[in-house]
Amino acid sequence: MVSGMYLGIDLGTSGIKAVLVDSTQKVVAAHTEKLEVSRPHPGWSEQNPEDWYEATLRALDALRETHPAELSAVRGIGLSGQQHGAVLLGEGGEVLRPCLLWNDTRAETECSLFEHRFPLCRQITGNIAMPGFTAPKVLWVARHEPEIFAHVTHVVLPKAWLRFRMTGALIEDMSDASGSLWLDTGRRLWSDAALEASNLRLAAMPELCEGSAPAGQLNPDLATRWGMTESPIFAGGAGDNAAGAVGLGAIHTGDAFLSLGTSGVVWVTTDSFHPGGNHAIHSFCHAVPDQWHQMGVTLSAAASLAWWSRVTGMDEKSLLAELPQAPEAPSPVLFAPYLSGERTPHNDGTVRGGFMGLTQDTTRAQMTQAVLEGVAFSFRDALEGLAESGTVITQADVIGGGSRSPLWTSILASVLGITLHRLANGEQGGAFGAARLARLAVTGEAVAEVCLPPERVASIAPDDRLSGPYRQAYARYRALYPALKSIP
């Protein structure tokens, strides 16, 4: 049995979460500190990186208060984090401006400019240039804030900056680097051509490493602050979704899961690089060596039900209680869940959602079911995009808050035409995956020995009676996007 404790730190948009994990992989303590987002203009989304550091200090100080012995025994630290953010550093390592976050959409024009300058972008990076990615953001700064860009010495992603602040090392893992549009994703190297298209050079980039490899050591002053017997080793870590996959044990070729959270993710692990084509499918490196993954994203999954709850003035549980435990037929109403635009397959931040097919006889329950089905159809869009890029999913685990609804899971299974598995302890999150990577960096154990999947507690197969009706409903749903785009 491997002894010692491992610390996972997840740098999210809304908070910093730290978890302590023991040698049996039990989470023995956790603490979250909230973060705020600044939106100085419509479409802008920024945070001050120093706020991340201060929140991390508070989180670990809190763990020191409640679990001093466990924190003092930490041997390794892993980081997971929000992807795509642009932290610009000057010659002395100072932050030159607030970080442009993943959900900042100001760089729409720069996406076209970047792909014009870098015609092989989609083949080499595996991704379409989107405003959320790092490269267009940096181009925006170069064009609109040249006085700041002139002083840029390094560009790092959020969790790489937090590592820099805690260790002094400029290092980034492969999974997070994939979300920058600067990585040659198949070769797991920075792309000189991609950097040149952003007016950058290789010297501006942090050193690359695998997520399970050692990547820096905690500042001794911080180790003393938290009573640690020695300065723990940092792991390379992972982007948030890759860290979640490590926590779920989705490390083998073909492992797939659906995350039915605020946004929605369809993930599949691959043993080689498969560019996502033109369907807004992401193709990234995994956080473990010799593995990659593809991913489709829908921006408003459980967020759609939360919106409908606010509109109706009823809590989500009460809305769902008006529906049967399993669908009897598709709702006669259609719902397009484009409340914040859409990522896969449309790559469209401006389209907006809506209901279609309302009559005098339409009930609230039918509209609630339409919301659940609209989100399921958006997952079907992602599944179709993956299939067209060569990746076919036949079964998947399902996680996230929405997976607690038997009805929603049943709808998803029938719309997607695949069996879904609900998990025990399947929502540990990125911080738990980061702690697993920390353990791998310290012990050198085999990835498959540490990154075990949680137990499956239920399997939900498609309802054959609904396959035809849902195919027809999905075809009507697909017609909604061009109709909505035609509305001024």
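Me: How do I read the hairpin of β2 and β3, and how many residues lie between the strands?
Reply: Start with the connection, then check the backbone of the turn. In this predicted model, β2 and β3 form a hairpin with 5 residues between them. Gln25 sits in the turn and has a positive phi of about 70 degrees.

Me: In which sense do the two strands pair, and over how many bridges?
Reply: Strand β2 covers residues 15–21 and strand β3 covers residues 27–34. They pair in the antiparallel sense over 7 bridges. To fix the register, take one pair: Ile16 stands opposite Glu33 in β3.

Me: Gln25 again. Which cavity does Gln25 line?
Reply: Gln25 helps line the second largest cavity. Tyr6, Val21 and Asp22 are also in that lining, as are Ala435, Arg436 and Arg439. The space inside is about 30 Å³. By class, the lining has 3 nonpolar, 1 polar and 3 charged residues.

Me: Which element gives the largest share of that lining?
Reply: Helix α16, residues 430–443, with 3 residues.

Me: How do I read α16 itself? Is it buried or exposed?
Reply: Count its residues under 20% relative accessible area. In α16, 12 of the 14 residues are buried, so the helix is largely enclosed by the rest of the structure. Among the buried ones are Ala435, Arg436 and Arg439. Those three also line the second largest cavity.

Me: Why can residues a few places apart point the same way?
Reply: An α-helix has 3.6 residues a turn, so residues three or four places apart share a direction.

Me: What is the span of α16, and what follows the helix?
Reply: From first C-alpha to last, α16 reaches 20 Å, close to the 20 Å expected at 1.5 Å a residue. Gly444 comes next, with a positive phi near 70 degrees.

Me: How many cavities of 30 Å³ or more are there, and what lines the largest?
Reply: The count is 2. The largest holds about 50 Å³ of space. Its lining includes Trp182, Trp190, Met205 and Glu172. By class, that lining has 7 nonpolar, 2 polar and 1 charged residues.

Me: Now the open sheet. What is its strand order?
Reply: Read across the sheet, not along the chain. The 7 strands run β18-β19-β17-β16-β22-β23-β24, with mixed pairing. The edge strands are β18 (282–285) and β24 (456–460), each pairing on one side only. Neighbouring strands are turned by 25 degrees against each other on average, direction ignored.

Me: In which sense do β16 and β17 pair?
Reply: Antiparallel, over 5 bridges, between residues 256–260 of β16 and residues 264–270 of β17. Ala256 stands opposite Val268 in β17.

How values were computed:
Residues numbered from 1 in each chain as written. Predicted model: local features only at pLDDT ≥ 70, side-chain atom pairs only at ≥ 80, totals over all residues. Heavy atoms only, no water. Pairing = 2+ DSSP bridges. Helix = DSSP H or I, 4+ residues; strand = E, 2+ residues; numbered from the N terminus. 1 Å grid on protein atoms, 1.4 Å probe; cavity = no way out; pocket = protein on both sides within 12 Å on 5 of 7 lines; lining within 4 Å. Points joined across faces, edges and corners; volume = space filled by probe spheres on them. Nonpolar A, V, L, I, M, F, W, Y, C, P; charged D, E, K, R; others polar. Expected span 1.5 Å × (residues − 1). Buried < 20%, exposed > 50% of the residue type's maximum accessible area, 1.4 Å probe, protein only. Axes fitted to C-alpha atoms, helices over the stretch in contact; angles between N-to-C directions.
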